[in-house]
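Here is a friendly walk through the model shown below. Keep the structure open beside the text and follow along from heading to heading.

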Amino acid sequence: MRGYSNRVTLLPTDDAGDPDTRERLTALGINLAASPPVDLRPEQDGIVVELRSGERLRFDVLYPVLGCDVRSDLATTLGARCNDVGCVVVDDKQRTTVANIYAAGDVVSDLHQLSVAAGHAAIAATAIHKSLPNNFRG
Ligand SMILES: Cc1cc2nc3c(=O)[nH]c(=O)nc-3n(C[C@H](O)[C@H](O)[C@H](O)COP(=O)(O)OP(=O)(O)OC[C@H]3O[C@@H](n4cnc5c(N)ncnc54)[C@H](O)[C@@H]3O)c2cc1C
């Protein structure tokens with residue numbers, strides 16, 4: 001975010017961060033709001049955020065930091081190996097460590113983009129097609 005603006009504020013989900021986090025944010029030139037937001041309202045000239053402390057801050061843009069959980073339970077139940085963050089391990093053909101099971105998209109990569117998922121799917125589909133027996137017509 002600091003690459004886009006020199007006025008960035010982090011709105012904490014709980015009371016202001018630990019001293020180490022504060023120090024790192026300060027070093028990066030990022031403000032840390034003193035308390036969590038309790039209300040937000042779009043207004044004509046921006047978004048007004050009210051903090052639990054009663055302070056009101058005005059922003060041009062709010063960007064939600066969602067985080068993510070990898071939903072690879074189905075693959076692991078079937079025996080597929082995952083890495084330490086839970087992504088399914090695949091080879092360059094999108095094959096998991098379990099024969100005939102392929103995986104693609106967010107569940108295998110932390111680059112979460114539609115084009116990446118579609119690319120993985122194309123690679124997997126081609127590999128599956130090539131793995132099938134020839135079906136010559138008589
Ligand atoms: C808020 C948001 C904004 C985004 N904006 C963009 C953007 O602008 N551009 C972009 O390229 N990407 C964007 N992405 C990322 C993009 O949506 C994902 O990278 C993409 O959808 C990944 O596709 P996928 O098929 O791997 O996973 P998903 O689209 O998540 O599909 C997985 C499906 O599997 C289902 N599923 C999970 N577990 C099971 C199970 N056990 N049994 C049956 N079904 C199951 C889920 O319900 C889901 O329908 C955004 C993502 C979010 C959350």
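## Domains and confidence

The domain assignment divides the protein chain into domain 1, residues 8–59, and domain 2, residues 73–131. Taken over C-alpha atoms, the centres of domain 1 and domain 2 lie 38 Å apart.

Please keep in mind that this is a predicted model. The mean pLDDT of the protein chain is 93, and 99% of the residues reach at least 70. Among the elements of the chain, helix H3 has the highest mean pLDDT, 98, while helix H1 (residues 19–27) has the lowest, 89. As a general reminder, predicted coordinates should not be read in detail where pLDDT is low.

## Helix H1

Helix H1 is hardly covered, as 0 of its 9 residues count as buried. Gly29 follows H1 and has a positive phi, near 75°.

## The three-stranded sheet

Now to the strands. An open sheet holds 3 strands in the order S3-S4-S5, with antiparallel pairing. Strand S3 (37–43) and strand S5 (56–59) each have a single partner strand and stand at the edges, so each has one side without a neighbour in the sheet. On average, and ignoring direction, neighbouring strands of this sheet are turned by 20° against each other. In general, the strands of a sheet pair through backbone hydrogen bonds, in either a parallel or an antiparallel way.

The pairing can be followed residue by residue. S3 and strand S4 (residues 46–51) are antiparallel and share 6 bridges. Along this pair, Leu40 sits opposite Val49 in S4, and Glu43 sits opposite Gly46 in S4. The hairpin that joins S3 to S4 passes through 2 residues. On the other side of the pairing pattern, S4 and S5 run antiparallel and are joined by 4 bridges. Ile47 has Phe59 in S5 as its bridge partner. The hairpin of S4 and S5 has 4 residues between the strands, and Gly54 there takes a positive phi near 100°.

## Around the ligand

Which residues make up the surroundings of the ligand? They are Arg71, Leu74, Gly105, Asp106, Val107, His112, Gln113, Leu114, Ser115 and Ala117. By class, this shell has 4 nonpolar, 4 polar and 2 charged residues. Helix H3 (residues 114–131) gives the most to the shell, with 3 residues.

Asp106 is worth a closer look. This residue is in the loop between helix H2 (73–77) and H3. Is Asp106 buried or exposed? Asp106 counts as partly exposed, because it has 19 C-beta neighbours inside 10 Å, and a residue needs 20 or more to be buried. Along the chain, Asp106 and Gly119 are 13 residues apart, and their C-alpha atoms are separated by 12 Å.

## Two positive phi angles in the loop

Most residues other than glycine have a negative phi. Against that background, two residues may catch your eye. Gln94 is a residue other than glycine with a positive phi, near 70°. Asn100, also a residue other than glycine, has a positive phi near 70°.

Gln94 lies in the loop between H2 and H3, and Asn100 is found in the loop between H2 and H3 as well. Their surroundings can be read from the neighbour counts. Gln94 is buried, because 23 other C-beta atoms lie within 10 Å. Asn100 is exposed, because 8 other C-beta atoms lie within 10 Å, and the exposed class takes in counts of 12 or fewer.

Conventions:
Residues numbered from 1 in each chain as written. Predicted model: local features only at pLDDT ≥ 70, side-chain atom pairs only at ≥ 80, totals over all residues. Domains from an automatic or database assignment. Near = placed C-beta within 6 Å. Nonpolar A, V, L, I, M, F, W, Y, C, P; charged D, E, K, R; others polar. Pairing = 2+ DSSP bridges. Axes fitted to C-alpha atoms, helices over the stretch in contact; angles between N-to-C directions. pLDDT = per-residue confidence, 0-100.
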